[in-house]
Structure formats: C-alpha cells, structure tokens
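Me: I should like a close examination of a single part of this protein, set in the context of its surroundings. Please keep the account formal and connected.

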Amino acid sequence: MSTAYLASLPRRHQAHENVGISSICSAHPMVIEATLRHGLKSGGPVLIEATCNQVNHEGGYTGMTPADFRRFVEEIASKVGFDTSRLILGGDHLGPNPWKSLPAEEALGKAEAMVEAFVKAGFTKIHLDTSMGCAGESVALADEVTAERAARLAAVSERAAKASGFDLPVYVIGTEVPIPGGAMEEIEELAVTDPEAALATVEVHRAAFAARGLEDAFARAIGVVVQPGVEYGNENIVFYDRAKAASLSAVLSKMPQFVFEAHSTDYQPVELLAGLVDDGFPILKVGPALTFAYREALYGLDQIAVELDGLSPEETLKHAMEEVLVGDPREWAKYYHGSDAEKRINRHFSYSDRIRYYWPQPKAVAAVTTLLTRLKGRQLPLPLISQYLGALYPAVADGRLAATPEALILANIERVVSTYAAAARTPAV
C-alpha cells in the first residue's frame, strides 16, 4: 500500500501540499537500522533503494541479489519492530551500467535479467537508466535510443510485476546527474536542467513506451531525474539555489503526471531540502551522508578510546582503516588527487565518503569490533562525548540517549535521517 503514496506525489504537488519522501540509498546495516528506527517513530512510509552496481541478479558489490536485499532489510525491520507494510523498496539506475564494457545486446540482456529480479523481489519503485553507451558506442546516447531501451526494460518489468504478487511498480525516468557515488572532483557550479529538455525526456519516453503497447506502464511513471543544481565534491558542496531552479520547477505545470527526483542531495541543510520539496523535487535521495555519519561516530568513539586507555596511534581504528585503504586503492585512487596529505585526508573525511566501500572488508570489520568491544559496558564520560561527539551531547546529558557505542552510532546516523524527514514532511499512514 505504501507504493500508493509515491504514486500520489505528482497530484499532491499540483495541489500545493508540499510533502515528499526521503530515499535512503545504502546497504549498510546500521544505516538501515537507524532509518527503520526513525520510521517506527514517524509512522510514515520508508523508502530504501539499492543501485544496480550495489545489488543485482549477479550479486553486485554487496554480494546480494534483490531477493537477498529484501530479506536483509526485513530481518532488520523484524529486529526493530518496523511494520514492513510501510516499507517501499526501490531499484536505482537500473540498466546496463554494470556491464557497459560489453556489447549493447549482451549488456541489455543482463539488464533485463536484473530488472526482472528486482521486480519479482517486490521492488516497486523502478528507476530506468539506459543512457550510457556500451562497447563501441558513444559515452552518451541519443534520447530516442535511451528511451527505446528504457521501454524494453519496462516491458520486462511489467511481465515480472504481474506474476510477483506485489504492487505494480511506479517508474522514474531520466538520468541527468553525475555518476553514482558523487562527483570526481571539486565542483563550483552546476547547470540546472533546461525545462524544455525535461519536457522532451518525458515525451520521448512516452512515445517509446507507446510503441511497445506499454501505455499502462507509462501511466505509472511519476518521476523524472533532472539536475536542480545540487552536488557535492570531495571537499565542497554546491547548495540548492531556488531562484536558479525556478524555471525548471515551473515546467511541472506542463507535465502534471510527474514530479522531479533529486539525486546527490547529501549534506544540504534542512531548509534547502524543504525548498526542493516545495519546488517539485519531493523525492530526496541521500546515501554517502548516512555512512559519513557512521564513520563520524566511529572516529569519535575511537578518540574517546584513545583518551580512556592511552592508546598509541597504531592501536586506533583510524590507523587500521588507513592500512586497509592504502592496501587496496581501487575505490578511491581515481577520485582523490593532490598532495599525499590531501589524499590521506580525503581517504577518511571526503564528502564522497568512498571509505564506505571498505567497511565490509575483514580487516575493517575486525578493527570496528575491537573498538566496540573495548568500549562495551563502560561508562563513557560526558566531557569526552561533548568533545568528540558534540552533536549528540545534549541528548546524552539529559538522559534521552544512552551513552553506549551502538546507541551513539545509530543516533548520529538518525540525525541525518531526521533532517530529511523534516524536509520531506512525509505524512503518517
């Protein structure tokens, strides 16, 4: 039933209701737990999404298929007592991207199998992204080719949905955003999507769906991915400027079936996120900011352990993570530039948070376990919480938050979740 809330967003925007939903794009168990704990209190639907690289029918970089990911989320929901009838699962950037080094037909065949797996597993928000060229093709494809390929995947999705027993999916089209995971360098300013380009995206997809007899599926397309002028680099954030996006926002009056989906909204302050919702971008996607908050809490606890036990630098979690990162540079080397010192800082503290790919590695898991075991059952002094986890200090000091490592980590992540919830103003169901 919660999928119906997504389907209602265009109508609600046209009625000036100014409500939306945050899209939690993460597979980290503590992020999922913090999200569901917040959802338990808020009473609204919770949207959790997985990307094509992260989760797919071949396992993705998490090793999870879509069915595995559903079980993973539902197990955490059971742990915290969250009613899964309020859970919406989404598949993000579904298309040939994980296999774009292959010839187009082979890559699209794999994309079809992936979409089928997502929809059969009950993912009911489907972002179709076929914009990337495959082997021998240009990097970016013509709109007509992109739309035809998206319609091809939608046909697979519709067949799978009818046999799934879950709600029929709603669709998001378009892809005018940087690569998943954030920009690769510092960004000063971004061009906002041209309003006519947004209209053209809708019409070229409408025609491609109709050519395959998929009018019913297109009637469930609710969102278009555009660039509202928000992004983050390694060390800077491009903040939302409502004036610059005004003409793009206004074009929604010409396409009342749709709202816009805002990617890369991480680190925007709540008042700007609320502005995005009011301006017709009610689907707020957030990912790295959540694991950034996880790392922030761990490193705060790491410093508390240093103070309590007089640890040497070589005994810290941060030192262990530096060894992991330097020993395997594949996930950060092409993103972080500059001097050795600049790269070292970015490895740990970059807004793009590429350290998130390393937490599942055995050495990282062992180092986190060592830290949490060291602090388990101990009274963490309030002055040290004030010093190293200052944002959490007021809740600890007045007794609303237990000063235990797990509670502090979850609370720091939930601070981000609650910022998005406050901006989206998602009603209870």
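In strand E4, which residue is the bridge partner of glycine 91? Please take a close look at E4 and then move outwards.

Reply: The model is a predicted one. The bridge partner of glycine 91 in E4 is isoleucine 126. That pair belongs to the contact between strand E3, residues 87-94, and E4, which run parallel and are joined by three bridges. Next to it in the register, glycine 90 of the chain stands opposite lysine 125 in E4.

Strand E4 itself comprises residues 125-128, and both of its faces are covered. Lys125 and His127 lie on one side, Ile126 and Leu128 lie on the other, and all of these residues are buried. The two residues of E4 named in the bridges above, lysine 125 and isoleucine 126, therefore belong to opposite faces of the strand, given that buried here denotes a relative accessible area under 20% and that Lys125 and Ile126 are placed on opposite sides.

On its other edge, E4 pairs with strand E5, residues 170-173, in the parallel sense and over three bridges. Here lysine 125 stands opposite valine 170 in E5. Lysine 125 thus has a partner on each edge: glycine 90 and valine 170.

The connections on either side of E4 follow one pattern. E3, helix H4 (residues 104-120) and E4 make a right-handed β-α-β unit. E4, helix H5 (residues 143-162) and E5 likewise make a right-handed β-α-β unit.

The two helices of these units pack against each other. The axes of H4 and H5 are 8 Å apart, at an angle of about 35°, and the crossing is right-handed. On the H4 side the contact is made by Ala104, Glu105, Leu108, Gly109, Ala111, Glu112, Val115, Glu116, Val119 and Lys120. On the H5 side the contributing residues are Arg149, Arg152, Leu153, Val156, Ser157, Ala160 and Ala161.

One step back along the sheet, E3 is mostly covered, with eight of its eight residues buried. Strand E2, residues 46-51, pairs with E3 in the parallel sense over six bridges. Within that pairing, valine 46 has leucine 87 of E3 as its bridge partner. E2, helix H3 (residues 66-80) and E3 make a further right-handed β-α-β unit.

These strands are part of a closed barrel of eight strands, which runs E1-E2-E3-E4-E5-E6-E9-E10 with parallel pairing. The twist averages 25° from one strand to the next. Elsewhere in the barrel, strand E9 (residues 259-262) and strand E10 (residues 283-286) pair in the parallel sense over two bridges. In that pairing, alanine 262 stands opposite leucine 284 in E10.

The helix H9, residues 270-278, offers a second example of helix packing. H9 and helix H16, residues 405-424, pack with their axes 8 Å apart at an angle of about 40°. H9 and H16 are therefore oblique to each other, and their crossing is right-handed. Val270, Leu273, Ala274 and Val277 of H9 meet Thr419, Tyr420, Ala422, Ala423 and Ala424 of H16.

A different arrangement appears at helix H12, residues 340-349, whose buried residues are Asn346, Arg347 and His348. The cover over these buried residues includes helix H10 (288-309) and helix H11 (317-327). The axes of H11 and H12 come within 11 Å and cross at roughly 110°, and the two helices are therefore roughly perpendicular to each other. Lys318, Met321, Glu322, Leu325 and Val326 in H11 meet Arg344, Arg347, His348 and Phe349 in H12. Arg347 and His348 are thus both buried residues of H12 and participants in its contact with H11.

Asparagine 346, which lies in H12, completes the set of buried residues named for that helix. Its relative accessible area is 5%, so asparagine 346 is buried. Leaving aside its neighbours within four places in sequence, asparagine 346 is in contact with Asn234, Glu235 and Tyr336. The C-alpha atoms of asparagine 346 and phenylalanine 123 are separated by 34 Å, the two residues being 223 apart along the chain.

To return to the part requested, E4 is a strand covered on both faces. E4 is joined in the parallel sense to E3 and to E5, and it takes part in right-handed β-α-β units with H4 and with H5.

Note on methods
Residues are numbered from 1 along each chain as its sequence is written. This is a predicted model: local features need pLDDT of at least 70, side-chain atom pairs count only at pLDDT 80 or more; totals for chains, interfaces and linings use all residues. Side-chain values use heavy atoms; hydrogens and water are left out. Buried means under 20% relative accessible area, exposed over 50%, partly exposed in between (1.4 Å probe, protein chains only). Helices (H or I, at least four residues) and strands (E, at least two) are DSSP runs, numbered from the N terminus. Two strands pair if DSSP finds at least two bridges between them. A crossover is right-handed if, with the strands pointing away from the viewer, the path from the first strand over the helix to the second runs clockwise. Axes are lines fitted to C-alpha atoms, for helices over the stretch in contact, and angles run from 0 to 180 degrees between N-to-C directions. Angles under 35 degrees count as roughly parallel, over 145 as roughly antiparallel, 65 to 115 as roughly perpendicular and the rest as oblique. A crossing is left-handed if the near helix is turned anticlockwise from the far one by less than a right angle, and right-handed if clockwise. Contact means heavy atoms within 4.5 Å.
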